[in-house]
Each structure stands twice: as C-alpha cells, then as structure tokens.
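Me: I have a chain here and want to learn to read it. Can we go through it step by step?

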Amino acid sequence: INSIIAQVTKYTFPPSEWCYHDGNCSYEKWPELFPKYCNGTRQSPININSSKAQSSSELTAFTFTNFNSTTALKKIENTGKTVKVTFNSGVQVSGGNLPETYDALQFHLHWGNGSTTRGSEHTVDGTFYPMELHIVTLKSSFNGNTTQGVADSQGLAALGFFIDIMDGDATDSPDSWRTLTSYLTNITNTSDYANITSALSLDDLLSGPNREKYFRYLGSLTTPACNEAVIWTVFKEPIKVSKNLIDLFSTTVRIGNTSSSFITNAFRGIQSNDLEVTTQADRSSCSTMCSTKG
C-alpha cells in the first residue's frame, strides 16, 4: 500500500531514504535496504491471475459504514510520495470475510506519468490501469494503534480500486473527482495540506464498481517497511475518471517544493510471490454447495 507508511497516523516509518524508481533507493533495492519485511514471502503488489483464483463462498458482501457521509473526508495532503486523504472517525468496513470490523483511516493514490501509462500497483492477468486507490483500514479492536496493526498478520485491511479512463471524450468527470482534484493546486509542495470542506463522500468517489466482486489475498504494505500485515481486497471493476483529471496528479503535485520534480510513477513493481488468491464463486458453475451470495 503506498504510504500506509505511517501516514496512517502514529506509526513511524523507517528512514525516508526510499523511492520508487531512482537508482539506489528504488523498489528493487528495498529488500536490501529494509530486509526485515521487504524481502519477505508475502509481498505486495502482485499480478492477479484470474484463472488461478480459487472460488470461495465465504467472500460475502461488505458493510460500509459512513461511506455515504459527506463530512467523513477530513484532510488532503501531499506526502512527497503520494496524495493522501485522511478520514474523521466513524468510517468502518466489516463483512467480506474480514475477521472483525476495521476502522478506515485514509486513502491514497498510485499513478504513473499520465493517463496512458501504468500507474496501478496490482495488475490483473498482466493488465495495468492508470491509477489505483487504496483505502487503509485498521482492526477496530486496536483503537487507532497502528503499531499494533502492522505487527498483526491481519491487522490492516486494504481496499484497492483500479481507476481507468472514462469512455468517450468526457472531461472534468465525474463531479466527485472534479471536486477532489480541485484541491491539488493547494497541495503542490510536500507537506502541504488542505481541509476538505466540500460535501464529498467516499461513495461519491467509488461510484461505478460493483463492490461485491473482488479478489482477496494476504499480503503486505507496498512501501517500506513492507510489513506483512495486510488483508488485501482488490475490486474487479474500475472507477471511471476522465483523462484530464487523471493527468492532473502527475502534473500538479511535487516531490519537494516548487523547484522539485512532479510526483510520477508512484508505484511499487509486481512482486514475484505466488500467493493464493480467492474470489467469489461463479454463479454459472455453482453446484448446490455454492453460497447464494455467489
């Protein structure tokens, strides 16, 4: 997960001397720089081979609490690695075969260098998307203690949504993403932030995908220290956003200050682990043993 990095709250990351694609600090070097976890056997992101995903009737629908709240989004920030949006308390996720209720803390984004390049961390059958959105959640029983969360093999749950170019020649669409991206000019430099005052909900931003269709696997954070503490949910259907809004991310926010480069190619490459992936049973091939949820 990008920038779960302690951007979650109280968890302090390792030294900031890591990057995505530049020489000695690139993601290829993370296993050497941060060997405790980044060199592990449960590393994310992965390429999801849909034909190998095992059917599971336990992957039922989620319950999304306060995803419809227009006051849940608190602050948008340029972390120098990504754009992160933190939430007010009360946003939660349960169901979906998660072991308990999880508190949603923030979301952040991964992108490439323009809408026609790879920006997603996960791929499906080798196919990438221009962007990927990650919602970071923490077991509610930890009461906001992310240090406990990253030490638990299922302490965090990440919801991954692919973002694809909207069909046709649409611009400034959908309205929710036009509203979100309107804040980018306020956070051009690292550590810049802005309070979100618009009436904007998570449901607005996640409009489109069927949230009952997803892949599931056990993986890791996708930034150092790469803790293997994440239940990953990757939704199959992408959010559709117009090309001009996707392009704003790689042309507006910078790694440092006004003289610095723009943040581009903000993603970790695919990890080679052959991790088990599950998904909903295909209704068309269901036997009488299948869950009615499919």
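Reply: Start with a term: a residue counts as exposed over 50% relative accessible area, and as buried under 20%. Keep in mind that this is a predicted model.

Me: Is Asn143 buried or exposed?
Reply: The cut-off for exposed is over 50%. Asn143 has a relative accessibility of 65%. Therefore Asn143 counts as exposed.

Me: Where is Asn143 found, and what is its phi?
Reply: Asn143 is found in the loop between strand 9 (131-139) and helix 3 (146-151). It is not a glycine, yet its phi is positive. The value is about 50°.

Me: Is Cys226 buried or exposed?
Reply: Cys226 also has a positive phi, near 60°, and is a residue other than glycine. Its loop runs between strand 12 and strand 13. Buried means under 20%. Cys226 has 0% relative accessibility, so it counts as buried.

Me: Which residue does a cis peptide bond join to Pro224?
Reply: Omega of this bond is about 20°. The partner is found in the loop between strand 12 (214-219) and strand 13 (230-235). The partner is Ala225.

Me: Where is Pro45 found?
Reply: The peptide bond from Ser44 to Pro45 is cis, with omega near 5°. Helix 2 covers 35-38, and strand 1 covers 47-48. Pro45 is found in the loop between helix 2 and strand 1.

Me: Now the whole chain. How many helices and strands does the chain have?
Reply: Helices here have at least four residues, and strands at least two. Counted this way, the chain has 6 helices and 15 strands.

Me: Why is the chain as compact as a globular protein of that length?
Reply: The globule rule gives 19 Å for 294 residues. The chain comes close to that value, so it is as compact as a globular protein of that length. Its radius of gyration is 18 Å.

Me: What share of the residues in the chain is buried?
Reply: The cut-off is again under 20% relative accessible area. The chain has 294 residues. Buried residues make up 53%.

Me: What share of the contacts comes from residues 24 or more positions apart?
Reply: A contact needs heavy atoms within 4.5 Å. The contacts taken here have a separation of 6 or more. Residues 24 or more positions apart account for 73%.

Me: How far apart are the mean positions of the positive and negative charges?
Reply: The chain has 22 positive and 27 negative charges. Each set has its own mean position. The two are apart by 3 Å.

Definitions and conventions:
Residues numbered from 1 in each chain as written. Predicted model: local features only at pLDDT ≥ 70, side-chain atom pairs only at ≥ 80, totals over all residues. Heavy atoms only, no water. Rg over C-alpha atoms; globule rule 2.2 N^0.38 Å. Buried < 20%, exposed > 50% of the residue type's maximum accessible area, 1.4 Å probe, protein only. Lys, Arg positive; Asp, Glu negative; His and termini not counted. Charge placed at Lys NZ, Arg CZ, Asp CG, Glu CD.
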